[in-house]
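Trainee: Could you take me through one part of this protein slowly, as you would for someone in their first year? I would like to look closely at the sheet and what surrounds it.

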Amino acid sequence: MTGDWRMDRIGAALRGENPTVLRRLATGFAVIGDVQFLPGYSVLLADEPGVQRLSDLPRAKRLSFLSGMDQLGEAVELACRRLDPDFRRVNMEILGNTDPFLHVHVWPRFEWEPAGLVGKPVWLYPRDRWSDERFKLGPQHDGLRDAIGSELDRLRSMA
């Protein structure tokens with residue numbers, strides 16, 4: 001995956017050019033993360049490029065975005081639990097310290113993680129996890145993408 005889409009992830013998603021998009025949700029895009037050192041890492045992107053904070057959204061859209069966060073979190077949990085018996089839980093974070101657009105990180109956590117990191121924030125993982133080619137999103141993650149997408153479809157059909 002190369003190209004300018006990374007410079008404008010939301011705009012690229014709106015144009016259908018962001019290859020990480022799993023599904024379009026009511027007020028955002030469920031995308032799979034660029035790195036997969038914790039398989040299933042996903043992100044919910046708000047569908048308005050100028051929105052930086054949750055509080056920038058009108059209340060109804062804010063609640064819809066949070067509902068999308070819930071759907072993506074549950075979909076990641078269900079898919080990861082099915083694919084890895086060592087699945088532990090899902091952590092969700094709205095940070096916004098680096099990227100200037102509203103987004104939620106959805107991190108699956110596993111029993112096989114290093115003992116010194118399994119109970120700590122993902123951001124304490126060594127920097128090389130974020131750049132190591134072994135963890136770069138690619139075709140080897142197609143099954144994971146399909147599993148999360150299918151769970152999103154199922155959850156939305158039940159709503």
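Mentor: Here is a walk through the sheet, strand by strand, followed by the parts around it.

A word on the ground rules comes before the tour. This is a predicted model, in which local features need pLDDT of at least 70, side-chain atom pairs count only at pLDDT 80 or more, and totals for chains, interfaces and linings use all residues. Residues are numbered from 1 along each chain as its sequence is written, and side-chain values use heavy atoms, with hydrogens and water left out.

Let us begin with the layout. Five strands form an open sheet in the order β1-β2-β3-β5-β4, and the pairing is antiparallel. Strands here are DSSP runs of E with at least two residues, helices are runs of H or I with at least four residues, and both are numbered from the N terminus. Two strands count as paired if DSSP finds at least two bridges between them. In general, strands of a sheet pair through backbone hydrogen bonds, either parallel or antiparallel. At the edges stand β1 (21–25) and β4, each with a single partner strand, so one side of each is left without a neighbour in the sheet. On average, neighbouring strands of this sheet are turned by 20 degrees against each other, direction ignored; axes are lines fitted to C-alpha atoms, for helices over the stretch in contact, and angles run from 0 to 180 degrees between N-to-C directions.

Now follow the order across the sheet. Four bridges join β1 to β2, and the two run antiparallel; here Leu 25 has Gly 28 in β2 as its bridge partner. Strand β2 (residues 28–32) then pairs with β3 in the antiparallel sense over five bridges, with Phe 29 opposite Leu 45 in β3. Phe 29 also has a charged visitor: Arg 24 lies over the face of its ring, at 4.4 Å from the ring centre. For that label, NZ of Lys or CZ of Arg must be within 6 Å of the ring centre and within 35 degrees of the ring normal.

Next comes β3 (residues 42–46), where five of the five residues are buried, so the strand is largely enclosed by the rest of the structure. Buried means under 20% relative accessible area, exposed means over 50%, and partly exposed is in between (1.4 Å probe, protein chains only). In a regular strand the side chains alternate between the two faces of the sheet. Both faces of β3 are covered: Ser 42, Leu 44 and Ala 46 are buried on one side, and Val 43 and Leu 45 on the other.

The neighbour β5 pairs with β3 in the antiparallel sense over four bridges. Val 43 stands opposite His 105 in β5, and Leu 45 opposite His 103. All eight residues of β5 are buried too. One side holds His 103, His 105, Trp 107 and Arg 109, and the other holds Val 104, Val 106, Pro 108 and Phe 110. Six bridges then join β5 to β4, again antiparallel, and Asn 91 stands opposite Trp 107.

The rings add another link between β4 and β5. Phe 87 and Phe 110 have ring centres 6.1 Å apart and planes at 80 degrees, so the pair is edge-to-face. Rings of Phe, Tyr and Trp (its six-membered ring) pair if their centres lie within 6.5 Å; planes under 30 degrees apart count as stacked, over 60 as edge-to-face and the rest as tilted. Phe 87 belongs to strand β4 (residues 87–93) and Phe 110 to strand β5 (residues 103–110), 23 residues apart, and both are buried. Trp 107 of β5 joins one aromatic cluster with Phe 37, Tyr 41, Trp 123, Tyr 125, Trp 130 and Phe 135.

Finally, look at what lies against the sheet. Helix α4 (142–158) lies across β1, β2 and β3, running at about 15 degrees to β1. Leaving aside neighbours within four places in sequence, Ile 148 is in contact (heavy atoms within 4.5 Å) with Leu 22, Gly 40, Ser 42, Leu 72, Ala 75, Val 76 and Ala 79. Ile 148 is also, with Phe 37 and Leu 72, among the residues with the most contacts inside the largest nonpolar core, which has 44 residues. Such a core is a set of buried Ala, Val, Leu, Ile, Met, Phe, Trp, Tyr and Cys residues joined through side-chain atoms within 4.5 Å. The elements giving two or more residues to this core include β1, β2, β3, β4, β5 and α4, while its largest share, seven residues, comes from α2.
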